[in-house]
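Please open the structure in a viewer and keep the selection panel at hand. The tour proceeds by selections, each followed by a description of what is found there.

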Amino acid sequence: MGISVKHISKSYDKVRALDDISFEVKPGELFGLIGPDGAGKTTLFRILTTLLIADKGEATVAGYDVVNDYKAIRNLVGYMPGRFSLYQDLTVEENLNFFATIFGTTIEENYDLIKDIYVQIEPFKNRRAGKLSGGMKQKLALSCALIHKPKVLFLDEPTTGVDPVSRKEFWEILKRLQQKDITILVSTPYMDEAALCDRIALMTGGQILQLSAPEAIIASFPKKIFKVRTAETYRLIQDLKVFTQTHSAYPFGEYMHFTSMESDFKAEDLIRYLKGKKHKNIEVLETEPTIEDSFMELSK
Amino acid sequence: MKRFIGFIKKEFYHIFRDKRSLFILFGMPIVQVMLFGFAITNEINNVDIAILDHSKDANTKQIIDKISASKYFSIKDFLDNERDIETAFKKGEIKAVLNFEKDFSKKLMTENQATVQILTDATDPNTANTISNYTSSILSSYQELLNKDISIPYQIGVQTRMFYNPELKSVFMFVPGVMTIILMLVSAMMTSISITREKELGTMEILLVSPLKPFQVIVGKVVPYILLSVINAIVIILLSIFVFSMPVEGNLFLLGAETILFIMNALSLGILISTVSASQQTAMMVSLMGLMLPVILLSGFIFPISSMPFPLQVISNIIPARWFIIILKGIMLKGVGLVYLWKETLILVGMTLFFIALSVKKYKIRLE
Amino acid sequence: MKNGNIIHVKNLTKTFGDFTAVDNISFQVGKGEVFGFLGANGAGKTTAMKMLIGISKPSSGEAQVAGFDVKSQAEKVKRSIGYMSQRFSLYNDLTIRENITFFGGIYGLKKSDIKTKSQNLIDELDLHDEADKLVGSLPLGWKQKVAFSVSLLHDPQIIFLDEPTGGVDPITRRKFWEMIYREAHKGKTIFVTTHYMDEAEYCDRVSIMVAGKIEALDTPKNLKEKYKVESMNQVFLKLARNIE
């Protein structure tokens with residue numbers, strides 16, 4: 001019931017959306033495709049949900065070939081496209097009913113699977129879908145994608161544009177679904193969501209930069225990272241850029257993340273340099289890398 | 001089957017919840033029929049005319065009385081000589097002048113031949129044409145009256161004679177055209193828009209990744225519009241019968257069957273349009289430019305096909321509306337049956353099958 | 001705030017019927033500050049921002065932006081601010097140069113000014129090869145840089161940014177923040193509305209709106225210390241939970 005992707009490539013006109021992508025998703029896994037807009041995530045989703053045909057390579061979903069067995073796949077996957085794709089002029093209940101009937105089932109029949117989610121939107125069941133908040137829309141869309149008990153769930157950027165509270169709830173829901181033996185492939189541009197997946201593929205420009213468990217990706221970060229802060233952020237950026245020891249220096253919220261070309265670099269070295277540049281309130285601390293640090297290091 | 005009914009139910013929700021399309025669906029037919037029936041007609045009413053009577057005898061007086069008695073004309077002025085004619089026209093108060101020649105009665109009695117000159121203001125050619133037709137008609141009926149009174153039956157040599165619908169009602173000519181336009185609009189444009197809307201909203205993506213078969217999606221989209229179009233056709237026919245007292249001479253079942261045939265034709269065109277357009281806007285433009293304009297301009301609805309340049313006459317053959325209007329006029333006005341209309345019917349059937357085959361071929365089971 | 005405040009908001013309220021979208025908010029933004037204006041969808045931040053940029057009239061309360069009253073001097077407010085949104089900023093079917101000329105024209109810049117300014121902008125962003133290409137064909141990150149520069153064309157004192165970096169790759173996003181810091185360093189005030197909490201981390205101070213009210217206003221550092229959490233995301237979660 002997993003997913004297998006072998007050497008998939010796809011181009012639109014001159015743009016190479018996917019460039020020789022290969023990976024496996026194990027049955028029951030929560031697998032994340034992490035990358036910014038234009039990384040090729042949506043194209044990959046459409047190939048796997050049988051909506052597009054790849055130029056090269058092959059892929060199977062739950063053992064079925066995405067080109068030849070497209071009918072079988074359409075019966076057993078749930079798909080939530082990137083933008084909100086429900087009928088805005090239908091109520092919550094009508095939407096759900098509609099998707100249940102086209103899959104030849106009823107809400108009652110599969111209620112146990114969607115119960116968790118549906119109780120949260122049930123108070124609004126007579127409201128038109130177009131009038132729901134972002135978080136509610138996304139829960140309704142997920143309910144609709146689950147209504148026929150799919151074996152594999154494809155979620156294309158389900159949390160984009162959704163507030164932090166709803167995002168958190170959504171991920172909690174995914175974790176629970178995973179326990180019901182549903183394989184989940186989810187994409188997101190938010191690096192901080194990577195940690196919630198079993199394994200992730202960091203994607204950019206149609207290629208996979210790295211594929212592993214999130215902790216493993218962080219552990220494989222090749223350098224020591226220092227977070228740096230002084231009283232003047234803008235001058236700090238400029239000064240770190242011209243520092244001869246600098247390997248990378250990126251703004252990271254209220255700090256800068258700094259890595260050096262020397263492996264035995266110490267915080268004191270940097271403090272000394274910044275003092276020389278007349279910075280005040282200097283703060284330099286070694287810190288743990290994040291997925292975002294890995295992503296930037298890999299795509300550098 | 002349950003899937004299918006669920007789908008159709010959903011379509012009706014869409015239709016009844018969208019105020020704009022509801023208006024197009026039900027307001028449009030009524031507005032259009034009324035517009036064409038009352039405002040845009042070739043009829044004339046109480047047109048101001050002037051008389052220049054050189055004889056002032058019994059016959060001219062009778063003719064003038066007859067004209068002023070008709071509701072089409074009102075006599076505004078009596079002129080004294082030819083010079084006044086131009087002045088009267090220039091003032092713009094009158095649309096026509098009737099000029100009776102000298103010794104009208106005497107000439108009519110002795111030579112069996114007298115002349116009335118009809119001068120019209122041709123800056124508005126349509127009205128001018130109608131005025132001269134109407135006057136000639138009044139004159140010729142007066143002639144028949146004269147003939148009856150004369151004991152020795154001899155002919156009066158007035159040639160002007162025309163055939164039109166006896167009550168001079170142009171609305172009878174317009175109803176088949178309006179019905180054709182509305183069925184085209186509702187069936188083709190609304191279906192193509194409703195299918196492309198799913199593409200635009202992204203819901204088509206979900207429908208594709210579901211066990212629904214493409215033809216189920218299409219037929220599900222089409223069925224509600226067949227129903228609505230039939231209701232529209234009935235509304236139009238009822239309006240024309242009860243508001244404009246239009247006769248329906250032929251068989252009602254045949255009329256119904258031909259109408260459904262044309263609706264299917266328009267729907268298949270709508271599906272075809274939706275397979276080639278990616279957005280609602282494109283679908284609407286294609287429907288308007290590709291369907292509505294030809295229906296209005298090339299179907300013979302407003303401009304007679306026989307007076308079109310040859311290339312346009314050839315093009316008009318591929319426009320389904322042309323054939324449907326012939327069928328409608330045949331059944332409603334002439335009261336003829338399939339014996340006379342089989343050729344047109346066959347052409348429509350052929351076109352419908354062709355469009356359906358093409359749409360099925362063009363319909364994509366994937367996104368590109 | 002050493003240079004004084006440039007945005008004063010006092011008891012600002014906006015109601016729609018009996019729904020209060022913005023409920024009696026007050027705050028100040030200092031000159032040269034990068035100010036984050038956060039809140040979930042529907043918390044009222046867009047309504048509040050619309051009042052500040054002079055396109056929506058407050059129901060009650062007052063606000064001064066760049067020294068002008070948003071109620072009575074809306075036109076002057078609009079002239080002293082720049083605006084950039086992620087959703088709409090540039091015309092995709094015009095080239096970079098045409099976009100610059102168009103927006104320059106909107107703000108009433110002289111033809112000669114537009115010419116020199118667009119050349120400066122193109123030099124600065126190193127877009128010589130792309131200047132005459134359609135904006136639609138550019139990568140998202142580049143579009144955003146151009147859009148930001150365009151919002152600076154008429155030399156506004158305050159720049160309003162609406163979710164400027166959502167969905168952008170991490171490196172481009174940081175380059176964008178470098179541009180923002182540069183402008184702040186030059187003395188421009190940056191007002192960022194967003195519901196992406198990681199964008200909040202970059203601001204000097206942030207305010208968090210929940211259900212029409214400002215529930216927190218401080219530096220990210222102080223807020224995180226106050227709520228004893230690691231990130232602004234968690235600050236937001238705690239705040240939103242408390243309200244519910």
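The stops below move from whole chains to single strands and residues.

**Chain arrangement**

The coordinates to be inspected are a predicted model. Begin by colouring the structure by chain. Two pairs of chains are in contact, and the pair sharing the most contacts is chains A and B. Chains B and C, in contrast, do not touch, and their nearest C-alpha atoms are 17 Å apart.

**Chain A as a whole**

Select chain A next and display its C-alpha trace, which extends about 70 × 45 × 35 Å along its principal axes. A cartoon representation of chain A shows ten helices and 14 strands. Of its 300 residues, 56% count as buried. Among the contacts in chain A with a separation of 6 or more, 69% join residues that are 24 or more positions apart. Switching to a surface representation, one finds that chain A exposes about 12200 Å², with 49% of this area supplied by carbon and sulfur atoms. If the charged side chains are then coloured by sign, there are 39 positive and 41 negative charges, and their mean positions lie 4 Å apart.

Now restrict the selection to residues 3-230 of chain A, which an unreviewed UniProt entry lists as "domain: ABC transporter". This span is 31% helix and 29% strand, with 48 Å between its end C-alpha atoms.

**Strand β1 of chain A and its partners**

Within chain A, select strand β1, residues 3-12, together with strand β4, residues 56-61; the two run antiparallel and are joined by five bridges. Across this pairing, Lys6(A) stands opposite Glu58(A) of β4(A).

Add strand β2 of chain A, residues 15-25, which pairs with β1(A) in the antiparallel sense over seven bridges. Here Ser11(A) faces Arg16(A) of β2(A) as its opposite residue. Which residue takes a positive phi in the hairpin of β1(A) and β2(A)? It is Asp13(A), with a phi near 45°, and the hairpin has two residues between the strands.

**Chain B: annotated spans and a buried arginine**

Move to chain B. For "transmembrane region", the unreviewed UniProt entry lists residues 21-40, 171-195, 222-246, 252-273, 285-304 and 340-360. Select two of these in turn. Residues 285-304 of chain B are 70% helix and 0% strand, and their end C-alpha atoms are 26 Å apart. Residues 340-360 of chain B are 100% helix and 0% strand, with the end C-alpha atoms 33 Å apart.

Then centre the view on Arg197(B), located in helix α7 of chain B, residues 171-201. Is Arg197(B) buried or exposed? Arg197(B) counts as buried because its relative accessible area is 19%, and buried means under 20%. Leaving aside residues up to four places away in sequence, Arg197(B) touches His14(B), Asp18(B) and Gln280(B).

**The open sheet of chain C**

Finish with chain C, where four strands form an open sheet in the order β2-β1-β4-β5 with antiparallel pairing. Strands β2 (19-30) and β5 (68-69) of chain C stand at the edges; each has a single partner strand, so one side of each is left without a neighbour in the sheet.

Select β1(C), residues 5-16, alongside β2(C): eight bridges connect these strands in the antiparallel sense. As a last pair to display, Ile7(C) stands opposite Val29(C) of β2(C).

Conventions
Residues numbered from 1 in each chain as written. Chains lettered and ligands numbered in written order. Predicted model: local features only at pLDDT ≥ 70, side-chain atom pairs only at ≥ 80, totals over all residues. Heavy atoms only, no water. UniProt positions renumbered as here; feature names shortened; annotations may be inferred. Buried < 20%, exposed > 50% of the residue type's maximum accessible area, 1.4 Å probe, protein only. Contact = heavy atoms within 4.5 Å. Areas by Shrake-Rupley, 256 points an atom, 1.4 Å probe, with all protein chains shown as cover. Lys, Arg positive; Asp, Glu negative; His and termini not counted. Charge placed at Lys NZ, Arg CZ, Asp CG, Glu CD. Pairing = 2+ DSSP bridges.
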